[in-house]
Amino acid sequence: MKQTMDKPKRYFRRHLTPIRRHLTPIRRHLSPIRSGDRIDYKNMSLISRFISEQGKILSGRVNRLTSKQQRLITNAIKRARIPSLLPFLYNEN
């Protein structure tokens, strides 16, 4: 009696398209700070975009900023509050 060992058939997926891991489309968000904008505590038109109605500093995810840009904006806002260019809180009274 002769015993034959057949190799199991392997199905390769080379011909198929690769599986998408993320089902959501990848979208690039443009930064609200342009290359010519200078992040400075005196630049009130730029700084005021990153403060909420209550006077709080918005997060980097809400602002769509990089971590370095968020750090510079936060420092600029804090510096602008010291000489009263920006209020610490907006009173609704």
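This is a short talk on the helices, the nonpolar core and one aromatic residue of a single chain.

Hi everyone, thanks for having me. Please keep in mind throughout that what you see is a predicted model.

Let's begin with the overall layout. The chain contains three helices and zero strands, so to speak an α-α-α pattern when you read along the sequence. Of its 93 residues, 20% count as buried. The exposed surface comes to about 9,200 Å², and carbon and sulfur atoms supply 52% of that. As for contacts between residues at least 6 apart in sequence, 54% of them join residues at least 24 apart.

Now to the inside. Which residues make up the largest nonpolar core? There are eleven: Ile 33, Leu 46, Ile 47, Phe 50, Ile 51, Leu 65, Ile 73, Ala 76, Ile 77, Ala 80 and Leu 86. Two helices, α1 (44-47) and α3 (67-81), each supply at least two of these residues, and α3 gives the most, with four. For background, nonpolar side chains in soluble globular proteins tend to be buried together.

If you'd like one core residue to click on, try Ile 33. Leaving aside residues up to four places away in sequence, Ile 33 touches Ile 39, Leu 46, Phe 50, Leu 65, Gln 69 and Ile 73.

Two of those contacts, Gln 69 and Ile 73, bring us to α3, where both are among the buried residues. This helix has 15 residues and reaches 21 Å from its first C-alpha to its last, close to the 21 Å expected at 1.5 Å a residue. The buried residues of α3 are Gln 69, Gln 70, Ile 73, Thr 74, Ala 76, Ile 77, Ala 80 and Arg 81. Looking down the helix axis, you'll find these buried residues within an arc of 165°, so they line one face of α3. And what do they pack against? The partners of the buried residues of α3 are α1 and α2 (60-63). Turn to the face of α3 pointing away from its buried side, and you meet the exposed residues Ser 67, Lys 68, Arg 71 and Arg 79.

One last stop: Phe 88, which sits in the segment after α3. Again not counting residues up to four places away in sequence, Phe 88 touches Gly 55 and Arg 81, and Arg 81 is one of the buried residues of α3. Phe 88 and Lys 78 are ten residues apart along the chain, with 8.8 Å between their C-alpha atoms.

That's my tour, and I'm happy to rotate the model for anyone who wants another look.

How values were computed. Residues are numbered from 1 along each chain as its sequence is written. This is a predicted model: local features need pLDDT of at least 70, side-chain atom pairs count only at pLDDT 80 or more; totals for chains, interfaces and linings use all residues. Side-chain values use heavy atoms; hydrogens and water are left out. A nonpolar core is a set of buried Ala, Val, Leu, Ile, Met, Phe, Trp, Tyr and Cys residues joined through side-chain atoms within 4.5 Å. Buried means under 20% relative accessible area, exposed over 50%, partly exposed in between (1.4 Å probe, protein chains only). Contact means heavy atoms within 4.5 Å. The expected span of a helix is 1.5 Å times one less than its number of residues. The arc is that of the directions from the helix axis to the C-beta atoms. Accessible areas come from the Shrake-Rupley method with a 1.4 Å probe; for residues, only the protein chains shown count as cover.
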